[in-house]
Amino acid sequence: MSPLSTSPGPRGRCCRLGRRTGATPPTVRNRGSTDGRRLPRAAGERACPPLPGAPLAEVIAALEARYDPALAEDWDAVGLVCGDPTEAVHSVLFAVDPTDAVVDEAIERGVDLVVTHHPLLLTPVHGVPADDPKGRVVHRLIRAGIGLFVAHTNADRAADHGVNDALAAALGVGNTVPLESVGAPQTNTLVVFSPVEDSDRLVDALSAAGAGVIGDYTRCAWQTVGTGTFIPGDEANPSIGSNGRLERVPETRLEMVVPRAAQAEVLRALHEWHPYEDPGYAVFENSSTPSRAGLGRLGELTHPITLREFAERAAAVLPATAGGVRVAGDPDRMVRTVAVCGGSGSSLYDRAAEAGADVLLTSDVKHHPAVEAGEVPGPAICDVAHFASEWPWLSVAADVLHRDLRARVGVAVSRLSTDPWTMHVPQRVEDIADPGAARSVRAAGERTETTQG
C-alpha cells in the first residue's frame, strides 16, 4: 500500500484517501469545463500514515445507520450492488452517478468502494453482460476489486446528513424542517448482559452492525454494573465457571437502540462477539418518535435578498453546468423563506406554497408546472441541474462516514461532473420574434425574408 494523501474536507475536516501502489492522481481542470469535466481538487494535500480500514460489512452498516434503507421508495434500488462484505475497505469514493468515467477515477485512485447517489440498476435486468453499458460497469468494478453501494431516496429523506440538508446548507438556508415529513425509522432496544471486561468490545461490535445511532450520535449505549449468577449444565461448555456450580460474575447490563431493519445483523454480531456460549439478552419495541426525516427542506435565509441575488448565489455555490440556473419569477422579488428539494422536486411546489416559501429551488422542472406556478400566488422557481442539486451531499456523506468509522477508512469526493449536458447556447429573451411575424429562412447563403401575416 502506498502512502496516503489528505486534503481539507467539509467544514475543515481532513478527508483521507489511500491509493493502491502505482496509482496516480487524475488531472484536474476548472469547474464546469467540458474538456474532462472535472471539479477542482482541494488544495493542501500532504502525506499521512496508512489507514487500518474496516470490513465492507461494517462500512455498509455505518452507511445504512445514517441512510436507513427503510426510508427508500418501494421502486428504488439501494444498497450493495457488488462487493464482498468480508473484504477490507481502506478508501471510499463518493460520486453522484455510477458512470464509466467515475469507474475510471475509482481505479485511478485505487479505492476499494464507490458510493453513489443514483442507482446503477434502477430498472430490473435479467443479466449484466460485459457488452451492455451497465454490465460493463459491473464487470470493471469486480475486476478491479471495487465494490459499489447506492444511497438514493433513502439519502434524499435522511435527517441532518441527507441530500436536502446538504443542499440547504450550501445555499445558506438555516432552521430547516422537511417539506414532506415521514415517520421515524422504527427501532427496538436491545438489552444484553456481559462480563464487565468485555462490554466495550461488545459495544464496538454492535455499533459496527448498526446499533447505537441516535440522531447525530453514534455508539450510544447505557451501561450499568451488577452481579450475574448462573449454573452451567452438564452439557454446557462455559467460558466462565464450572459445570454444576453456582457462579457469581460482575456483569454489565448494556442497552442500545437498534433499527428494526438492522436487527438481524446486530443479533448476528451479538452472538459472534459475546464471550458466553448462550448470551442472555432481550429486545423491547420502542414507541414512534418525531423525526426530521422527509423530502425537501424549508428554512430561512439570515437576511432577505432578491430572487436575482438568490439565483446568483446558487450559481456560485453549486457546480457549474451547461444549463446553469433558470428562474421563473420576478428577479426583483424579495426572498427570505426558501424551499429546496435535491433532484426532481417540482411535485413539492404546492407544499412549498402552503408553507409560505418565497422560492423553490429544485431540478427537472417541466414547462407546464412552471407556467401554472406563474399563474397563481406562490413561490418563484429556481431550476438547477439535477447533478448540481445533489452534489453538495457527497462531501457531507463522506465526512460522516469518516467520523462514524473513527477515521479508519479514507474518503474522497469525485471531481468529475456527471451532468449529461455539455453545451448551452445563450439567447436574449428580448429577441423573441413578434408573434404576428412569420419568418422563412432560405437555404444557407440566400437572403432571409420576413413577411407580415
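This is a short walk through a predicted model of a single protein chain.

Hi everyone, thanks for coming. Let me start with how far the predictor trusts its own work. The mean pLDDT of the protein chain is 85, and 84% of the residues reach 70 or more. Residues 1-16 are a part to treat with caution, since pLDDT there is below 50. That stretch still makes 57 contacts in the model beyond near neighbours in sequence. The other end has a weak patch too: over residues 448-453 the pLDDT stays under 50, and the model gives those residues 12 contacts beyond four places in sequence.

Now the overall picture. The protein chain has 453 residues, and 45% of them count as buried. Its secondary structure comes to 12 helices and 22 strands. If you take contacts between residues at least 6 apart in sequence, 73% of them join residues at least 24 apart. On the outside, the chain exposes about 22,600 Å², with carbon and sulfur atoms supplying 53% of that.

Let's go inside, beginning with helix 6. How many of the 10 residues of helix 6 are buried? Seven are, so this helix, residues 199-208, is largely enclosed by the rest of the structure. The buried ones are Ser199, Leu202, Val203, Ala205, Leu206, Ser207 and Ala208. And what do they pack against? There are helices among the partners, namely helix 1 (56-66) and helix 7 (263-273), and there are strands as well: strand 11 (187-195), strand 12 (222-230) and strand 13 (247-259). Just past the end of helix 6, look for Gly210, which takes a positive phi of about 115°.

Helix 5 is the next stop. Six of its eight residues are buried, so helix 5 is also largely enclosed by the rest of the structure. Val163, Asn164, Asp165, Ala166, Leu167 and Ala168 are the buried residues here. Just after helix 5 there is a glycine with a positive phi, Gly172, at about 80°.

I'd like to pause on one residue of that helix. Asp165 sits in helix 5, which covers residues 163-170. Is Asp165 buried or exposed? With 9% relative accessibility it counts as buried, because the cut-off for buried is under 20%. Leaving out residues up to four places away in sequence, Asp165 touches Ala158, Ala159, Asp160, Thr176, Arg292 and Arg297.

Keep Arg297 in mind, because we meet it again around Val338. Val338 lies in strand 17, residues 334-344, and it is buried, with a relative accessible area of 0%. Beyond its neighbours within four places in sequence, Val338 is in contact with Val173, Arg297, Leu298, Gly299, Leu301, Phe310 and Val359. For Val173 we can add a distance: Val338 and Val173 are 165 residues apart in sequence, with 7.0 Å between their C-alpha atoms.

Next, a loop. Val182 is in the loop between strand 10 (174-181) and strand 11. This valine is partly exposed, at a relative accessible area of 24%. Its contacts, again setting aside neighbours within four places in sequence, are Leu71, Arg157, Ser291, Ala293 and Gly294. Val182 also lies 8.0 Å from Leu295, C-alpha to C-alpha, and the two are 113 residues apart in sequence.

Finally, some empty space. The structure holds one cavity of 30 Å³ or more, and the largest cavity has a volume of about 30 Å³. Which residues line the largest cavity? They are Ala95, Val96, Asp97, Val102, Phe387, Trp391, Leu394, Ser414, Leu416 and Thr418. By class, that makes seven nonpolar, two polar and one charged.

One of those lining residues, Thr418, takes us to our last example, Ala101. Ala101 is found in helix 2, residues 100-109. Its relative accessible area is 39%, and it is partly exposed. The C-alpha atoms of Ala101 and Thr418 are separated by 8.4 Å, although the two residues are 317 apart along the chain.

To wrap up, the places I'd invite you to look at on screen are helix 6, with seven of its 10 residues buried, Val338 at 0% relative accessible area, and the cavity of about 30 Å³. Thanks for listening, and I'm happy to take questions.

Conventions: Residues are numbered from 1 along each chain as its sequence is written. This is a predicted model: local features need pLDDT of at least 70, side-chain atom pairs count only at pLDDT 80 or more; totals for chains, interfaces and linings use all residues. Side-chain values use heavy atoms; hydrogens and water are left out. pLDDT is the predictor's confidence in each residue, from 0 to 100. Contact means heavy atoms within 4.5 Å. Helices (H or I, at least four residues) and strands (E, at least two) are DSSP runs, numbered from the N terminus. Buried means under 20% relative accessible area, exposed over 50%, partly exposed in between (1.4 Å probe, protein chains only). Accessible areas come from the Shrake-Rupley method with a 1.4 Å probe; for residues, only the protein chains shown count as cover. On a 1 Å grid over the protein atoms alone, a cavity is a set of points where a 1.4 Å probe fits but cannot get out, and a pocket is an open set with protein on both sides within 12 Å along at least five of seven lines; lining residues have an atom within 4 Å of a point. Grid points are joined across faces, edges and corners, and a volume is the space filled by probe spheres set on the points. Ala, Val, Leu, Ile, Met, Phe, Trp, Tyr, Cys and Pro count as nonpolar, Asp, Glu, Lys and Arg as charged, and the others, Gly among them, as polar.
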